[in-house]
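Please open the structure in your viewer and keep the selection panel at hand. The tour below proceeds from one selection to the next.

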Amino acid sequence: MGRIVERQRVGAARSGAEDGDEDTAEAGDEDTGSVIVMIDQGVLERVLSSALRRGGEFAEVYAEDKRSSSAHLDDGKVEQVTSGRDRGAGIRVVAGDTTGYAHTADLSEAGLQAAAEAAAAAARKGGGGSNVVALDRRPTRPVNDVETFPETVAKATKVDLLTKANDAARSMSGAVVQVSAGYGDSRRRLLVANSDGLLTEDDQVRTLFRINVVASGDAGLQTGYESMGHTIGFELFDRRDVTELARQAAQRALTKLDSRPAPSGQMPVVIKAGSGGVLFHEACGHGLEADLVGKGASVFRNRVGEQVAAPWITLVDDGTMTAEWGAISIDDEGHPSQRNVLIQDGVLTDYMWDFLRSRKEGHAQSGNGRRESYRDLPMVRMTNTFVLNGTEDPDAIIRATDHGVYVAQLGGGQVNTATGDFVFGMTEAYLIENGELTDPIREGNLIGNGPQVLKDIDLLGNDFAMGNPGTCGKDGQGVPVGDGQPTLRVKALTIGGTAA
Amino acid sequence: MTELLDIARRVADQAGAGEQVEAFVARERDASVRVYEGEVEHLTSAQSEGIGVRVIKDGRVGFAYAGTLDHESIAEVLAEARDNVAFGTPDEWAGMATPDGVPPADVDLWREALASYPTDSKVALALELERTTLALDPRLRVEDANYADVLAESAVATSTGIAQAGRATGCYVSVSTIADDGSETQTGFGFSVGRAPDDIDVAKAAADGADRAVRMLGAIKPASRKLTVVFDPFVTAQFLGVLSATLNGESVLKGRSLFAHRVGEEVAASLVTLVDDATNPLAFSATPLDGEGLATRRSVLIEDGVLQRFVQSSYSGRRSGTASTGNATRGGFKSTPGCGCLALSLTPGTRAQPELVAAIDDGVLIQMVQGLHSGVNPVSGDFSTGASGLLISGGELGAPVREFTIGSTIQRMLQDVVEIGGDVEWLPMSAAGVSLVIRDVTMSGA
């Protein structure tokens, strides 16, 4: 089901059970060179030629070598340190509107030829013939700059971050009863070669840290969460100290101990800068993915050129945003990432595109063809999606709100792109009464309709900030995404609480 | 299977003095077909395999995995796992499972018919589903129709005496539908799952996909109020999935369960009996072996509303002074065993859904929920989810409604269960569906 798409915070606990394996990391070899030689060029050319032997207009080899390392602390103990390696190649053959795909963990020429044969058989259209492929290696313009490759950092140093965070969170209050923390890094080297002659590579390094705190009070348990993640190396921890992150997570859980049930019904909602990019991710981001649009599964179909949002809204998806969680030098089809303006001053300007959709509709690719791993087919995905600054003072936005809800941290969200209905969770929120923040309220979802909400944003702040790293899920594949926005107000959203 | 078990054994046998070693080896062959407008959109076939190795020494745990099974990778994984041990914190309860004498249930999850099922027939099933769905109503469009299957084998061996292997087949068809009457669009989905193609019911998948979308046409945003909800079986299964996190022995030990210290108390209405039983061959998630290679078994978690026990892995069992209930979970070769419910079901009542609806004056039948991962917190119990469905008025189904939330707490919802339907349906998740009636839930809408 392609249309039900969701975004989760990174390392979100599945069903409440802590699972260390979600913080993937990569450790491993000392080779930090920029040229990746995973498969010989001659082998790639021969494999692509045989992929097209049974017909088909396009063939592609996507190869990946991913090393991860992670460490997980829970209940005061470093439960485990994990190292992982995953490598393989996916081969696709496109014949007409049909794509054949096969993947293999065997990167030898024989292994690749077998996968090429399977992909060609899946896409068979009769016909057949020969196709000579000559590859032209294209240099990649690196978007991210890595100072300290995580594999060069001692495991003990990574583990120390966990105990430091644990101590910091627990020292906040005796009401902090449980802490879990995760460190993860990954290095994903990828190569794309296709029958149009493209040969290109990328080296993606990501590092992240997250912490989850449980506090206990008279009214039961509450949780607080914080995370940081960037497409950089271990220098992540020079940017922001884990103890500060831990204190923030603990404070969030403690604050919520005194929370009141959230209200129900429609009211104005103010969303803090850098906490609510997920609003746009769900309200319209997914609906602007050309594959969903092309199948009529988006409420934004046939609306390019129309005013779809308030005139102060400019929405951008930008894979080149250095170091952000969704930053990539090339997408997983080998197309360079780029900055795409999707909504300009409220007017829908374009959708996001991958190779297949671009080819079908004669449109340029936009660097949004992404996949989770070599086991998956690429599709249209967001990178870093954000709304540019407005002009309002953020404090004035709160003061201008007589009665409503202030959301200081959002959790995940989910959208049905065909109807535009979307939800997103609030994990730290307060009542606004007479223009001031008052009591904290309990967790819950907010629900709205994308096209309506875009028009209902009546105040936009001047304090733009990017938010926490996220994992965007679509058709079972998760990819890293970033988002951001200034403080803003939606004049009416439905709060999913229980209070009258 | 013996090949995988041999690989696992060879690794486990390398355990040194004072060291425990566990190897989990998995291999999967899968295929998926998606069709659109009578044509194959994509067809994927693949085999993947991998190994995860866990080493425990002096109470410290190290882990490593690789997505390949060549000798070099396996040696590297074992070396990495050993290297990682040094960084763990000693935990006196850390350890592998040891054989506990419980024989695995005789559940055969493998169907040879699937292994030899031809690709053309898989494509034909997906095309038939698309055609059948479209023929049901002129307002319908099909966004995609799919067929997918998997043949999975795995083995686990430890230096503490565990050596087990298992295999299973599974397949499904699914359809995503859009009902479009010219002025609005609504969506639906339908599916059918089985262990072999013969189990697949294309007509049911098509009918569900059509009904769910078409009956939502004209949906309005309802007024906020407290009312009675009826969960469709599909929604109940998702609700049980959330509930399962609170019944997990490891969460209890770590202070993350709202039911900690409440065994023996009435945590639900007296008509609620909740059982976890992965030995039930009807369960989609049925398995004779848990993630550590111990036999799965039947555990009554809530009986007549009274909390009886939590599910345990060998770690949580040892630490809580009980024993494993055969509830170690494992997400694949890339992760270490966790603890969790494997196949939950509510003991059903007797009445069908229309009879349940007939007894309700002001209510809503919840057909779909949205945002369970973002609005439900199994630690605090806060429950808030987006929903869509049909209003119930004077015992009859009425107007379709959307863009609202339903809210309560997990604790209150269990106490507020009014009736459980007789319509148990095993769904492709680790819980069974059944119609479930809960009173005093807040609907938040206009």
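The stops that follow pass from the model as a whole to chain B, then to chain A, and finally to the place where the two chains meet.

**The model as a whole**

Please bear in mind throughout that this is a predicted model. Its scores are ipTM 0.89 and pTM 0.91.

**Stop 1: chain B**

Select chain B and colour the residues by confidence. The average pLDDT of chain B is 95, and 100% of the residues reach at least 70. Now display the chain as a cartoon: eleven helices and 20 strands make up the secondary structure of chain B. The radius of gyration of chain B is 24 Å, close to the 22 Å given by the globule rule for 446 residues, so chain B is as compact as a globular protein of that length. Rotate the chain to view its extent along the principal axes, where the C-alpha atoms of chain B fill a box of roughly 70 × 55 × 35 Å.

What percentage of the 446 residues in chain B is buried? Buried residues account for 59% of them. Consider also how the chain folds back on itself: of the contacts in chain B between residues at least 6 apart in sequence, 70% join residues at least 24 apart.

**Stop 2: a sheet in chain B**

Next, select strands 8, 9, 10 and 13 of chain B. Together they form an open sheet in the order 10-9-8-13, and the pairing is antiparallel. At the edges are strand 10 (306–307) and strand 13 (344–346) of chain B, each of which pairs on one side only. Strands of a sheet pair through backbone hydrogen bonds, in either a parallel or an antiparallel sense.

Focus on strand 8 (residues 274–277) and strand 9 (residues 298–303) of chain B, which run antiparallel and are joined by four bridges. For one position to examine, label V275(B), which stands opposite V300(B) in strand 9 of chain B.

**Stop 3: the domains of chain A**

Turn to chain A and give its domains separate colours: domain 1 covers 4–256 and domain 2 covers 264–496. Taken over C-alpha atoms, the centres of domain 1 and domain 2 of chain A are 23 Å apart. In the contact between them, domain 1 of chain A contributes 43 residues and domain 2 of chain A contributes 42 residues. Several elements of domain 1 of chain A each supply at least two residues to the side that touches domain 2, among them strand 2 (58–74), strand 3 (77–95) and helix 5 (242–256). That side of domain 1 of chain A comprises 17 nonpolar, 15 polar and eleven charged residues.

**Stop 4: T163(A)**

Select T163(A), which is located in helix 3 (residues 155–170) of chain A. Why does T163(A) count as partly exposed? The reason is its number of C-beta neighbours: T163(A) has 16 inside 10 Å, whereas a buried residue would need 20 or more and an exposed one would have 12 or fewer. Then draw a distance from T163(A) to G217(A): the two are 54 residues apart in sequence, and their C-alpha atoms are 24 Å apart in space.

**Stop 5: where the chains meet**

Finally, show both chains and select the residues at their interface. Here 75 residues of chain B are in contact with 76 residues of chain A. Strand 2 (residues 39–57) of chain B provides the largest share of chain B's side, with ten residues. By kind, the side of chain B that touches chain A divides into 18 nonpolar, 43 polar and 14 charged residues.

Which strand of chain A pairs with strand 2 of chain B? Strand 4 of chain A does so, in the parallel sense and over five bridges. To end the tour, label A102(A), which stands opposite S45(B) in strand 2 of chain B.

Note on methods:
Residues numbered from 1 in each chain as written. Chains lettered and ligands numbered in written order. Predicted model: local features only at pLDDT ≥ 70, side-chain atom pairs only at ≥ 80, totals over all residues. Domains from an automatic or database assignment. Contact = placed C-beta atoms within 7 Å. Nonpolar A, V, L, I, M, F, W, Y, C, P; charged D, E, K, R; others polar. Pairing = 2+ DSSP bridges. pLDDT = per-residue confidence, 0-100. Rg over C-alpha atoms; globule rule 2.2 N^0.38 Å.
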